[in-house]
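Student: Could you take me closely through one part of this model, the open sheet and the helices that pack on it? I would like the strand order, the pairing and the packing set out in one connected account.

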Amino acid sequence: MSEIVNINGNLFPPEKAVISVFDHGLLFGDSVYEVLSTRKGRFYTVREHLERLFNSAKGINLVVPYGFEELEGEIKRTAAAAKNEDTYIRIIITRGVGDLNIDPSSCLKPQLIIFARKAIEYPEEFYSRGIELIVSTVRRNIPEALSPGLKTGNYLNNVLAIAEAVREGAHDGLMLSHDGFISECTTSNFFFVSDGTIKTPSLEVGILQGVTRRNILIVAEENGVPYEEGRYLPEDLALAEEAFVSSTTKNILPVTRISGRPVGDGHPGEITRRMMKLFELKLDELVGL
Ligand SMILES: Cc1ncc(COP(=O)(O)O)c(C=O)c1O
């Protein structure tokens with residue numbers, strides 16, 4: 001069980017993994033990234049994550065100097081060297097080393113960084129009892145400023161939102177879009193249930209197109225669970241019977257309190273628990289078991 005960091009194809013133990021202080025990824029958050037995980041020792045949805053990585057890079061005019069297969073190979077090589085039963089992978093492409101000003105044109109070589117470490121295990125009670133959110137005072141990015149659809153190293157508003165939530169004794173912040181609609185949490189997509197229907201903000205609200213979110217909607221479709229995507233206001237949560245969040249590292253995590261008020265009866269709801277079970281089966285299918 002260990003941690004390995006791959007920098008431009010060279011593998012290092014964490015204490016030897018260093019990059020230049022002139023990298024624009026560090027100086028200006030000028031980078032893109034993805035987080036992947038294995039399940040039962042096997043990778044899944046690698047293609048989806050790499051497609052989103054390339055899409056994020058395109059969105060900030062960063063030309064990735066590696067091909068798809070090459071990156072997949074590097075991810076797997078780094079994970080194998082770290083030798084964990086299940087692996088957490090963070091892959092970052094930075095703008096690279098350049099002058100000490102924000103103009104990226106002095107950065108000639110993007111840098112590849114891949115972290116491989118033991119997969120995150122959230123406390124069991126998060127799944128059995130649910131987590132608490134607050135509706136954050138920090139808004140998600142306005143798409144015309146920096147599209148929330150791009151997964152970049154520029155996550156400072158999400159950093160401020162989770163810090164606010166933790167200060168207030170909650171687990172995460174539910175962020176609103178610039179125009180006041182529910183968008184997503186700081187590193188997860190958000191769903192709530194009302195009238196027996198799963199509701200989740202549509203991509204047009206300005207959210208990251210979560211790989212897990214997409215698979216959850218596929219699972220709902222395949223199993224005849226009613227769902228809709230749309231624009232919802234924080235007031236709509238008053239009628240929520242259930243809520244949950246999703247991400248690659250968390251899968252489906254029930255939400256049982258929002259801003260100090262219980263969601264429904266304050267316990268993970270029936271539809272949420274059903275979706276958690278169905279999603280586990282989907283994950284087994286995705287890893288080929
Ligand atoms: C802002 C944001 N929304 C949603 C997600 C969930 O995306 P995925 O399901 O692809 O992990 C993430 C993942 O980290 C995120 O950063």
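Tutor: What follows describes the sheet first, then its helices, and ends with some single residues elsewhere. The model is a predicted one, and the account should be read with that in mind.

The open sheet is built from six strands in the order β2-β1-β6-β5-β3-β4, and the pairing is antiparallel. Its edges are formed by β2 (10-12) and β4 (42-43), each of which pairs on one side only. Starting from the β4 edge, strand β3 (residues 31-39) runs antiparallel to β4 and is joined to it by two bridges. One of the residue pairs here places Arg39 with Arg42 of β4 as its bridge partner, and Thr38 stands opposite Phe43 in β4. The hairpin that β3 and β4 make has two residues between the strands, and in it Lys40 takes a positive phi near 50 degrees.

Strand β3 also pairs with β5, in the antiparallel sense and over seven bridges; Glu34, for instance, has Ile91 in β5 as its bridge partner. How many of the residues of β3 are buried? Nine of the nine are, so the strand is largely enclosed by the rest of the structure. The burial applies to both faces, with Ser31, Tyr33, Val35, Ser37 and Arg39 on one side and Val32, Glu34, Leu36 and Thr38 on the other. Glu34 and Arg39 thus appear both in the bridges just described and among the buried residues of the strand.

Continuing across the sheet, β5 and β6 pair in the antiparallel sense over eight bridges, and the bridge partner of Ile93 in β6 is Leu112. Strand β6 is in turn joined to β1 by four bridges, again with an antiparallel run, and in this pairing Ile7 stands opposite Ile113 in β6.

Two helices that pack on this sheet can now be added. Strands β3 and β4, the antiparallel pair joined by two bridges, are both touched by helix α2 (residues 46-59), which packs on the sheet and also touches β5 (87-94); the direction of α2 makes about 175 degrees with that of β3. Helix α3 (residues 68-82) packs on the sheet as well, touching β1 (4-7), β2, β3, β4, β5 and β6 (111-118), and its direction makes about 40 degrees with that of β6.

The two helices also meet each other. A pair of packed helices is described by the angle between the axes and by the distance between them. For α2 and α3 the axes come within 11 Å and cross at roughly 120 degrees, which makes α2 oblique to α3. The crossing is right-handed. On the α2 side the contact is made by Val46, Arg47, Leu50, Glu51, Leu53 and Phe54, and these meet Phe68, Glu69, Leu71, Glu72 and Ile75 in α3. Sorted by class, the contact of α2 with α3 has seven nonpolar and four charged residues, and no polar ones.

After α3 comes a backbone detail worth checking. Most residues other than glycine have a negative phi. Lys83, however, has a positive phi of about 55 degrees although it is not a glycine. Lys83 is placed in the loop between α3 and β5, and it counts as exposed because its relative accessible area is 63%, where the cut-off is over 50%.

Beyond the sheet, Asn251 offers a second case of this kind, with a phi near 60 degrees, a positive value in a residue other than glycine. Asn251 lies in strand β14 (residues 251-258), and with a relative accessible area of 16% it counts as buried. Ser194, in strand β10 (residues 189-194), is likewise buried, at 9% relative accessibility. Leaving aside its neighbours within four places in sequence, Ser194 is in contact with Lys199, Leu239, Ala240 and Glu241.

Another helix pair completes the picture. Helix α6 (residues 211-222) and helix α7 (residues 270-287) pack at an angle of about 110 degrees with their axes 10 Å apart, which makes α6 roughly perpendicular to α7. The residues of this contact divide into eight nonpolar, two polar and two charged; among those in α6 are Ile216 and Val219, while the α7 side includes Leu278 and Phe279.

How values were computed
Residues numbered from 1 in each chain as written. Predicted model: local features only at pLDDT ≥ 70, side-chain atom pairs only at ≥ 80, totals over all residues. Heavy atoms only, no water. Axes fitted to C-alpha atoms, helices over the stretch in contact; angles between N-to-C directions. Parallel < 35°, antiparallel > 145°, perpendicular 65-115°, else oblique. Contact = heavy atoms within 4.5 Å. Nonpolar A, V, L, I, M, F, W, Y, C, P; charged D, E, K, R; others polar. Pairing = 2+ DSSP bridges. Left-handed = near helix turned anticlockwise from the far one by under 90°. Buried < 20%, exposed > 50% of the residue type's maximum accessible area, 1.4 Å probe, protein only.
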